[in-house]
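The following paragraphs lead the reader through one model, from a single side chain to enclosed space and charged pairs. Please keep the structure in view while reading.

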Amino acid sequence: MKYSIRRLRLPQDYPAIAELLGHAFSEPTTAENLALEDSKIPAHGNLSRDDQGRLTGHDRYRLVAVDDQDVPVAYGISWRAPWTAPGELNNLLIVSPDYRRQGAGQELYGRFEQWAYEVGASKINYEIREQSEDSLRFALARHYEIERHSFESVLELPGFDLERHLPALQRLTDQGLKVVTLADLPGEEAEARLYELYRETAFDIPGFSGDYFSRSEWRKWTLDLPGASPAQVFIALDGDMFAGVASLVHFEATSSMYHEYTAVRRAYRGKGIALALKIRTIQHALERGAAYMRTHNDSLNAPMLRINRDRLGFVAVPGMYKVVKRLPQGAQTPASV
């Protein structure tokens with residue numbers, strides 16, 4: 001295959017990139033969603049260093065490999081946000097199945113590693129789908145290491161025995177707690193309290209690194225996601241205290257729900273709140289006529305895996321490996337690509 005590497009040309013590249021992303025993600029996206037996502041991100045980066053000389057700030061570098069008709073057949077991005085852990089860059093690389101093993105992926109990989117050296121990164125992160133054995137071998141051969149394993153699980157909703165699980169919600173009520181949605185609690189104060197719950201509990205997630213979003217960024221990437229809604233954010237209330245939360249994102253194209261976040265404050269753990277919130281989200285998904293629900297869990301998050309797999313019947317499907325490469329400081333070029 002003849003191909004060339006170039007920067008993105010927007011908006012004309014959005015449809016091809018959306019199609020390529022469909023090979024990497026479990027749910028499809030659209031050109032419109034990609035344009036919306038770009039609108040939330042500053043057009044120009046601003047990289048800096050902290051007092052230990054580690055890379056900070058934000059920027060992104062995006063490239064495509066195009067065929068002789070200038071159609072993107074591979075896409076890659078290297079990026080960091082203000083909340084990314086110091087020194088790190090997050091990368092994504094996708095090649096169309098029809099154009100794999102022809103050099104485009106390797107070329108893009110080399111360009112991104114070169115950029116990492118140029119900006120002075122100390123660590124590169126990629127996520128690789130569990131079934132992409134060729135991609136994993138490629139990364140391991142280039143001195144990447146598997147750092148984490150994230151499991152994906154799916155619950156087929158037709159036939160789910162909701163009645164059998166409703167007592168868990170009643171047990172929550174018996175403890176004096178109730179489940180409401182963010183739509184039931186409109187206003188700045190409720191949103192601010194929800195943000196604090198997210199921020200406090202995020203640091204307990206296995207594998208979480210870096211800082212947490214500012215409140216405005218949190219809103220962009222949670223409440224303002226396509227398919228998100230205040231009516232899909234379920235909150236366990238103990239009086240005025242936000243004790244736990246579970247939130248959903250709706251994918252209209254596949255009539256499915258993604259379980260975006262579940263968390264319970266430390267003082268309230270062990271009371272069955274997470275299970276009750278999960279059941280309430282399943283109840284909502286059934287009311288909406290969703291065909292299935294998906295979620296991800298880190299391999300070390302044993303309590304949530306037990307709830308999803310053992311109690312609720314989520315079934316494992318291939319997940320993601322996080323592979324990382326630490327770069328020698330002071331070097332100007334990659335040792336090998």
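In this predicted model, Arg265 is buried, because its relative accessible area of 13% falls under 20%. Arg265 belongs to the loop between β11 and α8. Apart from neighbours within four places in sequence, Arg265 is in contact with Arg193, Leu197, Glu200, Thr201, Met241, Phe242 and Ala243.

The loop that holds Arg265 also holds Arg269, for which a salt bridge with Asp204 is found. The closest N and O atoms of Arg269 and Asp204 are 2.8 Å apart. This pair links distant parts of the chain, 65 residues apart: Arg269 lies in the loop between β11 (256–264) and α8 (273–287), and Asp204 in the loop between α6 and α7 (215–221). Arg269 is partly exposed, with a relative accessible area of 40%. Asp204 likewise counts as partly exposed, at 28% relative accessibility.

Helix α6 (residues 188–202) contains a salt bridge partner set of its own, Glu196 and Arg199. The side chains of Glu196 and Arg199 meet at 2.5 Å, N to O. Glu196 and Arg199 are three residues apart in the helix, so about one helical turn separates them. Glu196 is partly exposed at 34% relative accessibility, and Arg199 is partly exposed with a relative accessible area of 34%.

Is Tyr198, which is also found in helix α6, buried or exposed? Tyr198 counts as buried, because its relative accessibility of 3% is under 20%. Beyond residues up to four places away in sequence, Tyr198 touches Tyr212, Trp218, Thr222, Val245, Ser247, Glu260 and Tyr261. Two of these contacts can be described further. The side chain of Tyr198 makes a polar contact with the side chain of Ser247 at 3.0 Å, and another with the side chain of Glu260 at 3.4 Å. As for position along the chain, Tyr198 and Lys178 are 20 residues apart in sequence, and their C-alpha atoms are 19 Å apart in space.

Tyr198, Ser247 and Glu260 appear again in the description of enclosed space. Rolling a probe the size of a water molecule over the atoms shows where empty space is left. How many cavities of 30 Å³ or more does a search of the whole structure find? The search finds one, with a volume of about 70 Å³. Its lining consists of Tyr198, Thr222, Leu223, Ala228, Ser229, Val233, Ser247, Leu248, Val249 and Glu260. Strand β10 (residues 241–251) gives the largest share of this lining, three residues. By residue class, the cavity lining divides into six nonpolar, three polar and one charged.

Attention now turns to open space. The second largest pocket holds about 790 Å³ of space. It is lined by 28 residues, of which Leu93, Val95, Arg100, Asp134 and Ser135 lie nearest its centre. The elements that give two or more residues to the lining of this pocket are β5, α3, β6 (123–129) and α4. Helix α4 contributes the largest share, five residues. The pocket lining divides into 15 nonpolar, seven polar and six charged residues.

Asp134, one of the residues nearest the centre of that pocket, also takes part in a salt bridge. Side chains of opposite charge can pair when their charged atoms come close. The partner of Asp134 is Arg101, and their closest N and O atoms are 2.5 Å apart. Arg101 lies in the loop between β5 (88–95) and α3 (104–119), whereas Asp134 lies in helix α4 (residues 133–141), so the pair ties together parts that are 33 residues apart in sequence. Arg101 counts as exposed, because its relative accessibility of 74% is over 50%. Asp134 is partly exposed, with a relative accessible area of 38%.

The charged pairs described so far belong to a wider set: a search of the whole structure finds 28 salt bridges. Some of these involve a network, in which salt bridges link Glu88, Lys123, Glu145, Glu147, Lys322 and Arg326.

Key. Residues are numbered from 1 along each chain as its sequence is written. This is a predicted model: local features need pLDDT of at least 70, side-chain atom pairs count only at pLDDT 80 or more; totals for chains, interfaces and linings use all residues. Side-chain values use heavy atoms; hydrogens and water are left out. On a 1 Å grid over the protein atoms alone, a cavity is a set of points where a 1.4 Å probe fits but cannot get out, and a pocket is an open set with protein on both sides within 12 Å along at least five of seven lines; lining residues have an atom within 4 Å of a point. Grid points are joined across faces, edges and corners, and a volume is the space filled by probe spheres set on the points. Helices (H or I, at least four residues) and strands (E, at least two) are DSSP runs, numbered from the N terminus. Ala, Val, Leu, Ile, Met, Phe, Trp, Tyr, Cys and Pro count as nonpolar, Asp, Glu, Lys and Arg as charged, and the others, Gly among them, as polar. A salt bridge is a side-chain nitrogen of Lys or Arg within 4 Å of a carboxyl oxygen of Asp or Glu. Buried means under 20% relative accessible area, exposed over 50%, partly exposed in between (1.4 Å probe, protein chains only). Contact means heavy atoms within 4.5 Å. A polar contact is a pair of N or O atoms within 3.5 Å; within protein, one must be able to donate a hydrogen and the other to accept it, and residues adjacent in sequence count only if both atoms are side-chain atoms.
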